[in-house]
Structures are given as C-alpha cells and as structure tokens.
Amino acid sequence: MNEKKHQFKPFVSMDTAMSETTAVSIGLGILFAVIFAASNVYLGLKTGLTIAAAIPASILGTGILKAVFRKDSILEANLVASVAAVGESIAGGIIFTLPAIIIWGHDLSMVSIAIITILGGLIGTLFVIPFREYLIVEEHGVLMFPESVAAYEILVNANKGGEGFKTVLKGLGMGGAFKFLSGGLGLWSEGPVWAITKLGTAFGFNAVASLLGVGFIVGTGVAILMFSGALLAWFGFIPLIKFIGSGATTPIFPATQLISEMSAIAIWSNYIRYIGAGAVATGGFISLAKSAPAIISSFKEAMKGLKAEKTAHKVERQHIDTPLTFVGAGAIAVFLIVWLLPLSAGIPKVGFIVSFLVIFFSFFFGVVSARMTGIMGASNNPVSGMTIASLLVIASVIKATGVNPELGKIMAIIAAGVVCISIATSGGVAQSLKHTYLIGGTPKKIEWSMFAGLVVSAFAAGGVVLMLHKAFGLGSADVPAPQAGLMRMLSEGVMTGEIPWTLVIIGVVIGIVINFLGLSILPIALGLYLPIQLSAAILTGALVREVVEMKFKKNKTEQKGRIEKGILLSSGLVAGDALIGILLAVFITLGKDLSAFGRKFGAITTNSTVGFVIFLALAIWIYTQVVSGKASDEQLPE
C-alpha cells in the first residue's frame, strides 16, 4: 500500500460541502470544450501542432465563474477545466487520421466525423475508469502527472487572484486583432517569402501570432531542432533536386510537371513531403520502441492494480466512480457499432476482426496512454507512434481480406481513427482525473460531464474540418494536415504499394541517422516535413523567450516568473489567432472576402518586407509585455 496515499489531503477536504456539477459549470465546460476542439482542429490541420486546454481553461473558467456568475467554487472551476480538456484530446485524435479520407476525395460528412469521434472518445474515457483507483490514487507520489499538478496549481492560484486571467485575455485580444487585420482585412501579408533563385529555393515566415506564441511556449530546444530539419529540406534537398533535375525532359515520379518548371514549394509538395513523412514515421517507431519497456511494465502494473481493486464500499466523493458494468456495456456497444454499422456513407463495414482490433488497441494503448501521461504529461504522450502501430496492423488485416484497395485504405483510416481518438482521450481523461483527485472532486461527476462535452465538441470539430476543407482544401499549402498526410501515405502503402518508397526510405534513413547522433527525431522530422516558413516563425517566438531568459539570468526567481507570464500571454495569442481564424473561415465559407478591403491600398499590403516588419513588431510587443510590469506568480509547468 502506498503510504503517500494516506498522507495526501486534497485542497478541498472531504468534509467540505461545495457545488461541483451545476448548469453553469457544465455549460461553461462544454463551451470551452467546443472552443478548444475547434481551435485545435484549426491549428493542428494548419501547422501540425495543438495547444493544451487544461491550463488556459483553468484560468478562464475561474475568472468567468468569479466575475460573471459570482461563483467561488474551485470544484466547479476544476470541472470546467476537465470538460474543456476533452476538446483538445479529440482534436488531437481527429487531425491525425480523418482528414486523410477527405484528401482522398471521399465525401465524409460531419455526422460521420462526429460518430467516429464519439465512439473513440467514449471508449477512451471508459477504459481509464477501471484503472483510475490504481493509477491515480494508489500510485500517488509515484506517477507525478506533471501537467495535472500544473493545472491544480493554476486552479488554486487563479482562485486567489486574477492577474493570470488578465494576461491571457491580453494575449487573446492581440492575437485575434493581428489575425483579423492580416488574414481577414488583408492589410499585410501573412506569408512573407523571398525566392533565392541561385539556389532554386525560397525562405520566409508564416507571420501569424499563434506561431510566435507556440515558439515562446516550446522554447529554443524544440524550435532549433525543427528549424534544422527545415534547413536540411529547403537549403539541402530542394536545391539538390533542382540542380540535378533541371535538365530532365520528362516529369519525374511522383510529380507530373518538369522540375525545371517547378517552384520551391512545388518541389516540397511533390518530393520533400515524402522524405519528411519517412522521417516522421521512423521517429514514431523509434520513440515507441524506446518506450516499449515502460509500456509493457505499465500494462502489467495496471493489470495488477485492476486485480487488487478493493470491493469495500467507499463513501468519500473522491472514490465515487462510474460502475464497471457501465464500462463493460459501453465497450460492447462500441464493438457492435463498429462491427455492424458502416461509419461513413459508401464505405463497407470493417467487420468482426477489425472491430475486435479497434477495441483491443484502444484498451491496451488506452491504459498505456494513461500511465505515460502520469510519467511525462499529455502533451508529450506518444499518440502518433501508438496510432501508426495500430494502423499498420489494421490495414494489413483489411488487405488480407481481399477488399478493394480504394475502399480498404479508407476503412483502415476509419478504424485507426477510432483508436487514435481513444488513445488521445485516455491520456487527457487520466490527466483531468488526477487534478480532480488533488483538488478533491468527484470522479464520476467529472467523467459524465466529460461525456457531455465529448458529444457536443465532436460535432463542432467535425464542422471545422469540413469548413476548412471547403475554404482552403485539406492537403493544400494553406491547410497541409501533416499528420493525416502521413497516415494517408501509410494506409496507401499497405493497401496498394503505390507510394514513392525511395523517397520514404531516404526519410527513414535520415531518421535513423538522427537517432544515431543522439538527437530527438520527431522535431527535426517535423521541420523536414513542414514548410520552412512555419519553422522560422516558431523559432522567432522561441528566440523572444531566449532573450527574456538572458535578461533575467542572474535572478532565477524573477526569470521563472517572467517566463510564466510569457507562457500565459502566448496561450492567449494562440487562442486569439485560432478563434479569429475560425471566424474568417466562416466568412470564406459564406463567400465573403474581407481581404478586398486591404487590396484598396495597393501592392504595399502584399509586400513581404512590410509583412515581416509587422511580424517583428509583434515579437517585440511580446518581449516588452513580458519584461515590463510585475512577473507572474502563477505556477506553470517548467
């Protein structure tokens, strides 16, 4: 028995009666779940990155409950943050898989996306419940759940004051205004780029506020690795392909255009992305292989915890959980739905064996995901590696049944989509249940409230996917959907064998070499895979953080407070950019072109130098906001 379990006292004692599930807390949680699902789908499809929901939702939830509803219940604020986190989790699962179906040209409806999401999210939540007592209570003090601890600290500190809330709102306002003026009214270019004709390549920046915010949050450690991958692609491979292929008189597979006639972005689209995908896949497999001992150990320990679960009646609210009979019934229901019903119009049912694999992988990797979140946090959870492993097995099984490859590749993505959303949800649910335990909330109330948030936000996320496709086209330079592109290639590769394996293998070799050098593969591979403008913008944000750290390097306490303030401000920038981006997508969907206003001012609004200067001005604004005034006293992840 873990002695720390008995020593731990939650923030709200079990003797204290406090409101938790109210119409306001559930409604606000669902609203935030919708916002974070929509904004993460938008950001994820555009950049391959997502933003954490629990910490911003903790601050915003506490602030709104206090300021608008005059409520002072930290249990309600915790419920708001927990439900909001569901939106982030399902968005992470959706962007990895389902856009691939649309990129193939299949008509995936919003209802289909929502049903697949709800099925994955439901079993992802249910499969954590049998292990909650062991992973979160018995293992308290062993599994640290770092991001849950951070959310707990935010809830407690935000409950005491509102400075963090004000900082997030300031960032949100600036991020939204910057996006509206540039991406909406078109007053300056969002993509300043300069052609480097002697090398046959180009360089530029994605001049958007969210990438500056992301860069500040991740810091130079990750940003430099990403930019290194981009440099290799845009100043290594693209000039090389241009130099060797410029004399070719016929198009070189998989392109259908002469290389001599291609721009740098066309070479990236036709060749580099396959190399990047090979590197990303290698990074996922190697990460999974390195995690295998911990995964196997985690599963064994979790099974021991299930067997040792006590059956004694528990009356304290922090031990009141959803009954295991409901867990079993829910799993059986999802199994039958996936087995017996087609999940998208025109696509056959996946069958008994694949449905069984969906449940098996969701259960196995769900438990693993929950424990890995306890070790390193949901943001670092290797969902992609576990999804790749599931997809390859599922696609191979479907291919062995002799299904038409054109249908089989879509069936594989649908099945893997349920698994991926389940895995991502399990990690997020475990994280929410941990800070619920620390604060002293009721697991059952949190779980059922998250079910409600899951259902509503699933439709919202599906709507954003379709809206972005109609406005920009999924798979285009505007919405590259990088992770889904990788899953699409893997599914096609297994089903048809028609992908350019030479390019993919080059990427695999690059990934292996990076591993041999002792570097982190995935950030470099992501930089290799994505346009260099994106990596350059993220690096700019990271450099702002670096300058702040240097300014306060002699006072570590002050330095920590300044960085925490910058992270709060950056979270607001990301959220503001994403929310206004979604609003602009609505205008585009409705056929309203706001950028006509900017065109009235002539060529200056499309000038790359002007766009770059304004982008730098925003970076300077972030710096001045962070170093001026008081440092933050919020406790954020280090």
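## Meet Leu474

Not counting residues up to four places away in sequence, Leu474 touches Leu45, Pro99, Ile102, Ile103, Val465, His469 and Val479. Keep in mind that this is a predicted model.

So where does Leu474 sit? Its home is the loop between helix H16 (443–471) and helix H17 (482–495). Leu474 has a relative accessible area of 8%, and because buried means under 20%, it counts as buried. There's a long-range link here too: Leu474 and Trp104 are 370 residues apart in sequence, yet their C-alpha atoms are 9.7 Å apart in space.

## Over to Leu45

One of the residues Leu474 touches, Leu45, is worth a stop as well. Setting aside its neighbours within four places in sequence, Leu45 is in contact with Ile95, Pro99, Val465, Leu468, Leu474, Val479, Pro480, Ala481 and Pro482. Pro99, Val465 and Val479 turn up among the contacts of Leu45 and also among those of Leu474.

Leu45 also belongs to the largest nonpolar core, a set of 190 residues. Within that core, Leu45 and Ile622 are the residues with the most contacts. Which helix gives the most to this core? That's helix H15 (residues 405–439), which supplies 19 residues.

## The whole protein

Stepping back, the protein has 23 helices and two strands. Of its 638 residues, 59% are buried. Among contacts with a separation of 6 or more, 84% are between residues 24 or more positions apart.

As for the outside, the accessible surface comes to about 24,400 Å². Carbon and sulfur atoms account for 67% of that surface.

Conventions. Residues numbered from 1 in each chain as written. Predicted model: local features only at pLDDT ≥ 70, side-chain atom pairs only at ≥ 80, totals over all residues. Heavy atoms only, no water. Core = buried A, V, L, I, M, F, W, Y, C linked by side-chain atoms within 4.5 Å. Buried < 20%, exposed > 50% of the residue type's maximum accessible area, 1.4 Å probe, protein only. Helix = DSSP H or I, 4+ residues; strand = E, 2+ residues; numbered from the N terminus. Contact = heavy atoms within 4.5 Å. Areas by Shrake-Rupley, 256 points an atom, 1.4 Å probe, with all protein chains shown as cover.
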